[in-house]
Amino acid sequence: MILRNKIKKWKISKFLINNNYYFDRSKVLKHLPGYMLKEAFNKISRWKGYAKTPLISLNKLSNELKLGEIFYKDESKRFHLKSFKALGGAYAVEVISKKRKNIVVSSATAGNHGRSVAWGAQKLGLNCKIFVSQHVSKERVKSIEQFGAEIIRVKGNYEKSLGECKRQSKKNGWEIVQDVSTDNYKFVPQLTMAGYSMMIKETSVQTKKYITHIFLQAGVGGMAAGVVAGVAKYFKRIPKIIIVEPKHADCVLRSIKSKKKVKIKIKKESIMGGMSCNEMSLLPWKILRNTSNFCLSIGDNFVPNTVAMLAKKAFSDKKIIGGECAAPGIISLISACNNKFVRNKFDLNENSNVLLIGCEGDVDKVLYKKLLIKGSKN
Ligand SMILES: Cc1ncc(COP(=O)(O)O)c(C=O)c1O
C-alpha cells in the first residue's frame, strides 16, 4: 500500500512505437559479430576479480505491478568501477594494446568511459591521457585520476575535447579509445559493445525463465546495442526491447521517429549525466533502428525517489545501491504500468518477466548522497 502511494503518479514524458520493427538476429550479428562477443566473454571472464553481477528479483515491485518477475542486473558490483562501463573501455584497451607495453592510450570523455579506459590502461601498466571539457566536475576528474591517468582540460564542450584529443593523439602517436562509432571509426566501439553484451551472457545462465521485456537506458546507444547483440546471440526467445532516455536528450527516440540519425539540441542537461547525449553512435543506430519495439523518455523528477527506494528495500528484499543512471529502467517500467494504453501496447501482464539494467552504483558519491537525502524526504 505504501509502495502504491509512492509510485502511482509516475509518468512517461514521451512514447513512440517503432513502425520499422523487425528483429533479424543475423543482421544484428553482422554489425557486431558473434565471435567478437564470444572473445569478449572469454577474455573478460578471466580478469582478476571477475564475478557475474547479481541478478536481483524486485519481488515487491512485481507483486505491486502484477507482473511475473522483475530482474535487476546489479552493475554496481562490476569490478572496482561500479558500472557496466568497466566491460567496455578497459576491454578495448586490452585488445588494441596487443600486449605492447610502450603505447599511450587516449580518450575524450564526460566521465565513466574515461574511467574504464584509465582503469584498463593502469591494469596493463600503460600511460593514459584523458581529455575532458570544462563542464566535467572535479569529482569526476578525481575518479579518473584515481586510476593513474593524466587529465587534459579543454576549454569548451565535449566535441572540443574530442577534437583536441584527436589532434594531440595524431601528433604524438597515441592510440585513441572512443566508444562512439562513425563511418570510419568502428572497431574500438565494437569492442566496447561486445564487452557490454556480457551482461546478457551472464543473465542467460542466471535464470531459467524466458525474459519477455528488456528496458534499456541509452545515451549514444552503445550499451543498448551491446545488449541487443547479446540477445541475438544468447537468448532463445527475443524479448520486447524498450529504449529509455532523459526527456531533454531523446536522440534515439527522435532518430527512430525520423527514420534517420538526428542530432538534437539539449535544452536542459539531465541529472542522468551519462545518458544526456545529443546524437547516436552510428553502429548502435544501425542496430537499434529495427530491433527496438518502443522508445520512451522520462523526466528527472523521480530519480531521487528511486535511488532512495532501492536503498531502502522498497522494491526488493535486498538493499541495492543504484545511482542516477540505474533508476530510469525502474521509473519507465512503473510509469508504463501506470498507463493502461502503454501497458497494453507493451503486453505487460502476470506472465511477463522483465529485465532491468541497474547500470551503476554510487560512482559519483557526492551526487548519490544528495539524491538519497532528497529522495528520502518525500
Ligand atoms: C553511467 C552510464 N553512462 C552512460 C550510459 C549511456 O550509455 P551509451 O552512451 O552507451 O548509450 C548509461 C546508460 O545508458 C549509463 O548508465
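**Helix packing, ligand shell and domains**

Author: Helices H9 and H11 are oblique to each other. (Helices, H or I with at least four residues, and strands, E with at least two, are DSSP runs numbered from the N terminus; angles under 35 degrees count as roughly parallel, over 145 as roughly antiparallel, 65 to 115 as roughly perpendicular and the rest as oblique.) Residues are numbered from 1 along each chain as its sequence is written. Keep in mind that this is a predicted model, where local features need pLDDT of at least 70 and side-chain atom pairs count only at pLDDT 80 or more, while totals for chains, interfaces and linings use all residues.

Reader: OK, at what angle do H9 and H11 pack?

Author: H9 covers residues 187-196, and its axis runs 7 Å from that of H11. Axes here are lines fitted to C-alpha atoms over the stretch in contact, with angles from 0 to 180 degrees between N-to-C directions. The angle between H9 and H11 is about 60 degrees.

Reader: And which residues of H11 make that contact?

Author: Contact means C-beta atoms, placed from the backbone, within 7 Å. On the H9 side you'll find Pro189, Thr192, Met193, Ala194 and Tyr196. They meet H11 at Gly222, Met223, Ala225, Gly226, Val227 and Ala229.

Reader: How many nonpolar residues does the contact of H9 with H11 have?

Author: Ala, Val, Leu, Ile, Met, Phe, Trp, Tyr, Cys and Pro count as nonpolar, Asp, Glu, Lys and Arg as charged, and the others, Gly among them, as polar. On that split, this contact has no charged residues and three polar ones. The nonpolar count is eight.

Reader: H10 packs on H11 as well; is the crossing left-handed or right-handed?

Author: The axes of H10 (residues 198-206) and H11 lie 7 Å apart at about 40 degrees, so this pair is oblique. Handedness depends on how the near helix is turned from the far one by less than a right angle: anticlockwise is left-handed, clockwise right-handed. H10 passes H11 in a crossing that is right-handed.

Reader: Which residues of H11 touch H10?

Author: From H10, the contact uses Met199, Ile200, Lys201 and Ser204. Their partners on H11 are Val227, Gly230, Val231 and Tyr234.

Reader: Where does the largest share of the shell around the ligand come from?

Author: The ligand is surrounded by 16 residues (C-beta atom, placed from the backbone, within 6 Å), the closest being Gly219, Gly222, Gly274, Cys325 and Cys359. By class, the shell splits into eight nonpolar, seven polar and one charged. The largest share, three residues, comes from helix H11.

Reader: How are H14 and H15 oriented to each other?

Author: H14 (residues 303-311) and H15 (residues 327-338) have axes that come within 9 Å and cross at roughly 105 degrees. Val303, Thr306 and Val307 of H14 meet Ala327, Ile330 and Ile331 of H15. The crossing angle therefore makes the pair roughly perpendicular.

Reader: Last one: which helix gives the largest share of the side of domain 1 that touches domain 2?

Author: The domain assignment (automatic or from a database) gives domain 1 as 2-84 + 192-377 and domain 2 as 89-178. In domain 1, 13 residues are in contact with twelve of domain 2. Two elements, H3 (34-44) and H9, give two or more residues to the domain 1 side. The largest share, three residues, comes from H3.

Key. Two residues are in contact if their C-beta atoms, placed from the backbone, lie within 7 Å.
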